[in-house]
Amino acid sequence: MQPESGSGDDAVARARELVLAKQFEPAVALLREHLTAHPDDGVGWRRLSGALIGLDEEAAAVEAADRAIEVNSGDAVAYRYRALANQLLSRYRESYADAKRAVELAPDDHEALSLLALNVLAVGRDTARFKELIRRALIVNPGSAAARGALRGYRGIQRRTVAVAANLAAFPVAVVLLCGWFAVDTGRSSDARWMIWPGFVALAAMVVIGPLTRSAGRVFPMLTSTQVSAAAITAGVIAAGAGYGATREIPAAATLGLTAVAISALSGIPLSRRGARKGTSKEPTTGRSSPSRSRHAGPETDLSRGP
């Protein structure tokens, strides 16, 4: 086996200190100069990959990690850095494969376990395995920032999923009842309140829930067909009940209810499938994480940003 690093260890050590201090640009410059003279230094390539992640240059980080792995195919940290860079590029399947390999090489690497857990959610939506991987990471390191960051990301996914499901119930109710009120009542009947007030309540709920449905960076909803069906049925029941209270006519109530179900289902099914497809995407997304979040990948990979 080739040595992980040749001469110039001082440059690599200095670069490590710079990365720890989040001085990524000088670290990259130092490492590039070093690697020009020592292209077979696997540790140097690995350090360069981490520093490039800190500069948000994920594609270049993948290339640097490739070189590190060419030099030393057993470098678990290089696989972890490449996994992180691919995840930030929304290449979840590639990230999953690299994180899995990192865990195989270093079963007690809490950061690799945490990164693999995030990719398990993105690729397989396997929440049970996610929790098991995080449990293992916290056993290895109870204070693991990576594991706790992954948990925060998971809770963000859960919150957004619940908010999206609630919006799928409120949106068709607001549309159907307010439109129905204008179409069948015009405000002359005292029974109009059965449609107009539930419609306004649903509209207000949309305004409150709306911000929670927006994706934060790469957070995606994990809607299931059961959740979409439950939202559609809820919307249908509310719309039908309000319609019957206003018109006292079963056909009109059924029309309103079925329309609400159709709107909810047509909105929810594509969204559910889109969320699932994000786990297989090989193209970078345009959304970026909040600039206020730490994005360094020194000796310890920061996963506090979530998925």
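**Exercises on an all-helix chain**

Among contacts in the chain (heavy atoms within 4.5 Å) between residues at least 6 apart in sequence, 68% join residues at least 24 apart. This is a predicted model, in which local features need pLDDT of at least 70 and side-chain atom pairs count only at pLDDT 80 or more, while totals for chains, interfaces and linings use all residues. Residues are numbered from 1 along each chain as its sequence is written, and side-chain values use heavy atoms, with hydrogens and water left out.

**Exercise 1.** Determine how many helices and strands the chain contains.

*Solution.* Start from the DSSP runs, numbered from the N terminus, where helices are H or I runs of at least four residues and strands are E runs of at least two. Counting these gives 12 helices and zero strands.

**Exercise 2.** Decide whether methionine 195 is buried or exposed, and place it in the fold.

*Solution.* First, locate methionine 195 in helix H10, which spans residues 193–213. Next, apply the cut-offs: buried is under 20% relative accessible area, exposed is over 50%, and partly exposed lies in between, with a 1.4 Å probe and protein chains only. Methionine 195 counts as buried because its relative accessibility is 0%. Finally, methionine 195 and glycine 243 are 6.2 Å apart, C-alpha to C-alpha, although 48 residues separate them in sequence.

**Exercise 3.** Identify which residues touch the most other members of the largest nonpolar core.

*Solution.* Such a core joins buried Ala, Val, Leu, Ile, Met, Phe, Trp, Tyr and Cys residues through side-chain atoms within 4.5 Å. Among its 47 residues, the answer is Leu48, Ile53, Phe130 and Ile134. Helix H7 (residues 110–124) gives the most to this core, contributing eight residues.
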